[in-house]
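Good morning, colleagues. Please look at the model on the screen while I go through its sheets and helix contacts.

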Amino acid sequence: MSTNRNAMRDYIRAHALAEDSPDVFELDSQNLIWLLDHSEIGVPEENRFFVTTDADDLEWEAIRIRARVFDPQVKARGLHLGNKNKAYTGAMDFSHTTPEWERVLGRGILGLKQDLEARLNAATDPDKARFYKACLGVYEACLRFMARAADKAEEAGKVEMASGLRALCTRAPENLFEGMQTMLAYYMFQHSYDGSYLRTLGRLDSLFWDWYAKEDPSVAKKLVYDFMEEIDRLNAPSNIPFAIGGTDREGKVTVNALSYLLLEAYQNTPSINTKLHLLCTAETPEEILADAFRGARSGKNSVVFMADDKIKEALIRLGADPWDAANYHVVGCYECGAEGELTCSCNARVNIPKAVEYALTGGTDMLTGDLVGLPNGGDFPDFDAFMAEYTRQLLHLADCAMEVTDIYEKNYNKIHSAPVFSATYQSALDRGADLYADYAAKYNSSSLNAIGLATATDSLAAIRKLVFEDGIMTLSELRELLRADWAGKEPLRLAIRNRYPKYGMGDKKTDLLAKRTIEALSDRINGRPNVKGGHWRLGTFSINWRWEFGEQTAASANGRLSGETLSQNTSASFGADKEGATAHLISAAVFDSVHTPNGSVVDIDLHASAVQGENGIQTLIATLKTYFDMGGFSVHYNILDTETLQKAKKNPADYPNLQVRLCGWNVLFSTLSDAEKDEFIARSAR
């Protein structure tokens, strides 16, 4: 760590708490101004548009210090046991955001500053004036940073960069190059300084279209390619996404020439830190779907295909105005929000297989002996009674996760504020209030993500058959067998794992168990008021949490061993999708994804040999359309080659650029643990 960065970190730590202030807003504003004025600026030779800073993530030093103040409240209520056992967790989320990009690009950094000046001059309410004044000071510091950056760029011989930055200090962006500069500058100011991780660049084919249409085609192509390489160098956590496609507010498909160029540039530039959301409707041209699948087949597979109509339906069902839902955004991996919504899409988490475990044990965790769930008598006359107890345990865990989250969210005014970010939201400007400290978004969401759906579903199906239908053993015997991690019963474990019906095989009886789980959670969570004046919403993506949750989950009745990973997202357990991709998608579509407005995705693993040639592309398009016709939310395709993965594990130096989609983002295969590599090899071999 550089001497300057150490000094800045020490400054933030010393100025983290606002003991005598009603909130942290003014303190955060002062801290940001200090950081913007004192951070060092770098000008990498490869960068065309913007500079770098040594201030990344320093605001999180303050956030962590402030949040620890409220940890004792969680412990005092006994809710820390859920986190200890990974049965549930509750948390803050300042990391899944998007600014109102139309305002940012339309007004520029200077225009945003001028809007704050005008609001301040007209303000009669002292609280609003306080907000405008503090934000104004931050934006003035942003402009000073841009002026310093222009000087540094000129010193480094970057005439184009310097000229653009100087122009943007005096007016709004006027062309494609300046629009891209503005986007990268704003990204730095929010993401690196504000402490509110920016998790999408928005619908680039719409945002940049007017500038692109006026540009010489060859110049525009070079700009797009250079921009694609530069955003990849942001090294954003879990990749930086952008979207193409979808529809406008009148329902017209927005795919245009820039959509194709952005997809082409994404596929043809060396990138690992960029991912793409392709927003699809029945009218989306098949040509762009085919292009995306060709890229995925060749290794550029960090593309999520998302159902435009279903996303809007889910947001409207949750209470969004149809006008706002039509201009939704996608942040992070799969999470969508209406215009004006602060999604907070990664707050609470629930380990669904733990609910099965606690139904068996009367709420006692098998690995630690802690009482985390609800006590029960331990015996059930039939499967319906057991299913009811499982549901009771599951909803209890969900309630606990939301209660933990409430503790932090109701104290946001003591934990975090976002002067840079807030100034881009119309609702925050109108209210003269911060998005976090004052809950100033039009829609203030909180989220709960349910993890391990297939693991739990397969376990329930196994219990139904093993205990209640075939009578092979009692619940008590099964409970002790799972405590012993299947010791002495390996043939039975393998029979259950390989021969019993599973979610992902298109088996209606089994799939209905997943449907009952999702609908029970939806009824409990979606639309439930939160402490911010907004609502809770359910998601079913697991991303890499399934590993840490699995490590602390005892053996499962589906044949899973203690400590093994849980199932991924809304996908089948690995190895369970034996009937092929179509059956897998039929299972995943058993519940209407309107119940999962926080996002759900099914991951389809295919061997490269299964999708060769043009027929392979048409097959992929057909499966995608079928899934969306059945009500699916989003789908990702991992097209893998077993032999290549095996060679890459043995000789990683020979495959330095080989990528796989880990969960919601791409990673280099060489960076995975051996267990993760083996999982991908096994998935590719099916």
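I shall take the two sheets in turn, then the helix pairs, and end with a salt bridge.

This is a predicted model, in which local features need pLDDT of at least 70 and side-chain atom pairs count only at pLDDT 80 or more, while totals for chains, interfaces and linings use all residues. Residues are numbered from 1 along each chain as its sequence is written, and side-chain values use heavy atoms, with hydrogens and water left out.

Let me begin with the sheet of 5 strands. This open sheet has the order 4-5-6-15-14, and its pairing is mixed. Helices (H or I, at least four residues) and strands (E, at least two) are DSSP runs, numbered from the N terminus, and two strands pair if DSSP finds at least two bridges between them. Strand 4 (240-245) and strand 14 (602-607) are the edges; each has a single partner strand, so one side of each is left without a neighbour in the sheet. From one strand to the next, the twist averages 25 degrees. Strand 4 runs parallel to strand 5 (residues 274-280), and 6 bridges join them. Within this pairing, Pro-241 has Lys-275 in strand 5 as its bridge partner.

Two helices pack on this sheet. Helix 14 (residues 286-297) touches strand 4, strand 5, strand 6 (303-307) and strand 15 (634-640), and its direction makes about 150 degrees with that of strand 5. Helix 28 (residues 613-629) touches strand 5, strand 6, strand 14 and strand 15; the direction of helix 28 makes about 155 degrees with that of strand 15. For these values, axes are lines fitted to C-alpha atoms, for helices over the stretch in contact, and angles run from 0 to 180 degrees between N-to-C directions. Contact means heavy atoms within 4.5 Å.

Helix 14 also has a helical neighbour. Helix 13 (residues 257-268) packs with helix 14 at an angle of about 5 degrees, the axes being 10 Å apart. That makes helix 13 roughly parallel to helix 14; angles under 35 degrees count as roughly parallel, over 145 as roughly antiparallel, 65 to 115 as roughly perpendicular and the rest as oblique. Ser-259, Tyr-260, Leu-263 and Gln-267 of helix 13 meet residues of helix 14 including Glu-287, Ile-288 and Ala-292.

I turn now to the other sheet. Here 4 strands form an open sheet in the order 3-10-12-13, again with mixed pairing. Its edge strands, strand 3 (88-89) and strand 13 (536-539), each pair on one side only. Strand 10 (residues 348-351) and strand 12 (residues 446-451) run parallel and are joined by 4 bridges. Val-350 has Ala-450 in strand 12 as its bridge partner. Helix 17 packs on this sheet against strand 10 and strand 12, its direction making about 45 degrees with that of strand 10. Helix 18 touches strand 3, strand 10, strand 12 and strand 13, and the direction of helix 18 makes about 160 degrees with that of strand 10.

Helix 18 leads us to helix 25. These two helices pack at an angle of about 40 degrees, with their axes 10 Å apart. That makes helix 18 oblique to helix 25. Among the residues in contact are Phe-383, Met-387 and Leu-394 in helix 18, and Leu-513, Leu-521 and Ile-525 in helix 25. The residues of this contact divide into 11 nonpolar, 2 polar and 4 charged.

Helix 25 (residues 508-525) also packs with helix 22 (residues 453-469), at an angle of about 125 degrees and with the axes 9 Å apart. That makes helix 22 oblique to helix 25. Leu-453, Leu-460 and Arg-464 are among the helix 22 residues in this contact, and Leu-513 and Ile-518 among those of helix 25.

Finally, how many salt bridges does a search of the whole structure find? It finds 44, a salt bridge being a side-chain nitrogen of Lys or Arg within 4 Å of a carboxyl oxygen of Asp or Glu. One of them joins Lys-84 to Asp-370, whose closest N and O atoms are 2.9 Å apart. This pair links distant parts of the chain, 286 residues apart: Lys-84 lies in helix 5 (residues 80-85), and Asp-370 in the loop between helix 17 (352-361) and helix 18 (383-409).

Key
Ala, Val, Leu, Ile, Met, Phe, Trp, Tyr, Cys and Pro count as nonpolar, Asp, Glu, Lys and Arg as charged, and the others, Gly among them, as polar.
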